[in-house]
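Trainee: I should like to take a close look at a single part of this structure. Would you please guide me through one sheet, its pairing and its surroundings?

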Amino acid sequence: MATPQIVLPGEHIPVSQIPTSQKRKIGHGLRPDPDTESFIATIGGLLEVDWRKKSAQISTPNARYISKPGDLVIAQFRASSTDFFHLYINPHSPQAILPQLAFEGATKKTRPQLKTNDLVYAKVVSAQKNMEIELSCVNPSTGKSEPDGLGPLSGGMVFDVSPGLADRLLKKQNVLAMDELGARLQGGFEIAVGRNGKVWVDCPEAGIKGICAVGRCLRQLDDAELGEKEQKKLVNKIMTELERG
Amino acid sequence: MALTEPPKAILHTLLKADGSATYTAPKNGYQVVAGVNYPVEVPYRSDEIPESTFIEVNLRPHNGVGMVKERHMEELVTRTLQTIVLGDETPRTMLQITLQVVNVESDESLPGGVKGGGQGETYLDLLASALNAAVLGCVDAGVQMKAIAGAALVGICPDGRMVVGPSVVQRKKCASLHVFAFTSDSQTVLMESEGKFTMDDWKQAERAARSAVLGSVNKQDNGDVTMNGTNITSGSSGNCLLDVIRQALEARVIKGGNR
């Protein structure tokens, strides 16, 4: 992977730093320069180039989350109508709808019964301005909830994080502390990350204390940049405090 | 002429806003907190722009409520931002910027102290800080922009000396005050002047402001020079406004080194 590079809006990015393939994918924050082959950054942040996937984009640590198709989100159940569940993603997004049959193996008789405020881990199918966001809990090609583990989330707790950290967690980028904590906590923990800045954590064996430990770790990861060593130190500190009670 | 004491900028100082920044003018002058919400719904249908983003700027003085002076500055900041924000990326939405002055410079060397920022006084000193804070907030909120902009305040003393970022006492003595804003591709986007001056003074002030914002080395259209802040930021003037903005962003961005 190339060295991390921080760009400011208006900065030119030479052709040599962007994949040139016909099938390349240019993501958020880059726009082509009309005069030359190069690109101009339109937002400030980290330039991420993946040569294998032929993609390039600029990621920002914290900008407002706006749903787009393909995102994994954690949504909260609000109300039910004949064919749909109505869910809540975040304060500034329109209401989301989830077809009652869009669960793994769901039929008219076996569809899940959700109660108010229940959590659902779902994928965004379509999101357009002034329209409800459509979610789904199954992979349309296989009819299964894998590989993302979609579906209702029971037990556990939800933590609010910045959209930037949620992104990093999904990409497993510089979040070594989570692996470390999983190995140290008794029985490990289960985690679901929503792009809307929500992280659901469950820790069946270590209980509430374990969940809180993970939550504290998330907050620290969000606050400042931590190196590999600092992350290990952080896990050590959290674990000793947990054992002390 | 570089700034004697660089301004300070911190990104993401507010928790609930989409983007925020705190900007402190050189020599511990004005401190302005910017809160940016973007993109949000336009409250009034009549304000909605079908093919662009509606920009709303609210400026709150350090005491009292905003009046004519603040309205005027809001208008100037809005117009400057309109030239750099890529509004067509988020049509029919609003970019809302709230600027709160949290600290004004005061000089206690004289009995009673000297303070700036009163309603009847010049607005130019605060204008530069307000614009810089707004741009920083937009960078933090991930607003799509053509380029970033920065402003500098230049005072011309009665003896013809240029002072970049004059202190409150110096400002009172200056024959004229000027504010210039430049984009990172070295275009002028704002010029406001007050007082008595000649065209030559004005040109000189423009040059002084340009070097304070963009640095003494003309760094335009640089593909690979400004990357990563190691080679050029330490090499050239080092404390021009664009470098300060870059450093603020670097402090905020979390680099995902290991994958």
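Mentor: In this predicted model, Ala192(A) stands opposite Trp200(A), a residue of β16(A). The two strands concerned are β15(A) and β16(A), the latter covering residues 198–202; they run antiparallel and are joined by five bridges.

This pair belongs to an open sheet of three strands in chain A, whose order is β14-β16-β15, with antiparallel pairing. The edges are formed by β14 (157–160) and β15 (190–194) of chain A, each of which pairs on one side only. On average, and with direction ignored, neighbouring strands of this sheet are turned by 20° against each other.

Which helix of chain A packs on the sheet and touches β15 and β16? It is helix α1 of chain A, made up of residues 163–171, and its direction makes about 125° with that of β15(A). A further helix of chain A, α3 (residues 207–223), lies across β14 and β16 of chain A. Helix α3 of chain A runs at about 150° to β16(A). Strand β16(A) is thus a useful point of reference: β15(A) is joined to it by five bridges, α1 of chain A touches it, and α3 of chain A lies across it.

Let us now place this part within its chain. The UniProt record, in an unreviewed entry, lists residues 156–206 of chain A for "domain: K Homology". Over that stretch the chain is 35% helix and 27% strand, and the C-alpha atoms at its ends are 11 Å apart.

The division of chain A into domains gives a wider frame: domain 1 spans 5–59, domain 2 spans 72–153 and domain 3 spans 157–244. Between domain 2 of chain A and domain 3 of chain A, the C-alpha centres lie 26 Å apart. To their contact, domain 2 of chain A gives nine residues and domain 3 of chain A gives seven residues. On the side of domain 2 of chain A that touches domain 3 of chain A, β8 (72–80) and β11 (119–126) of chain A each supply at least two residues. The largest share of that side, three residues, comes from β8(A). By character, the residues of that side of domain 2 of chain A divide into seven nonpolar, two polar and no charged.

How values were computed. Residues are numbered from 1 along each chain as its sequence is written. Chains are lettered from A and ligands numbered from 1 in the order in which they are written. This is a predicted model: local features need pLDDT of at least 70, side-chain atom pairs count only at pLDDT 80 or more; totals for chains, interfaces and linings use all residues. Domain bounds come from an automatic or database domain assignment. Two residues are in contact if their C-beta atoms, placed from the backbone, lie within 7 Å. Helices (H or I, at least four residues) and strands (E, at least two) are DSSP runs, numbered from the N terminus. Ala, Val, Leu, Ile, Met, Phe, Trp, Tyr, Cys and Pro count as nonpolar, Asp, Glu, Lys and Arg as charged, and the others, Gly among them, as polar. UniProt positions are given in the numbering used here, feature names are shortened, and annotations may be inferred rather than shown by experiment. Two strands pair if DSSP finds at least two bridges between them. Axes are lines fitted to C-alpha atoms, for helices over the stretch in contact, and angles run from 0 to 180 degrees between N-to-C directions.
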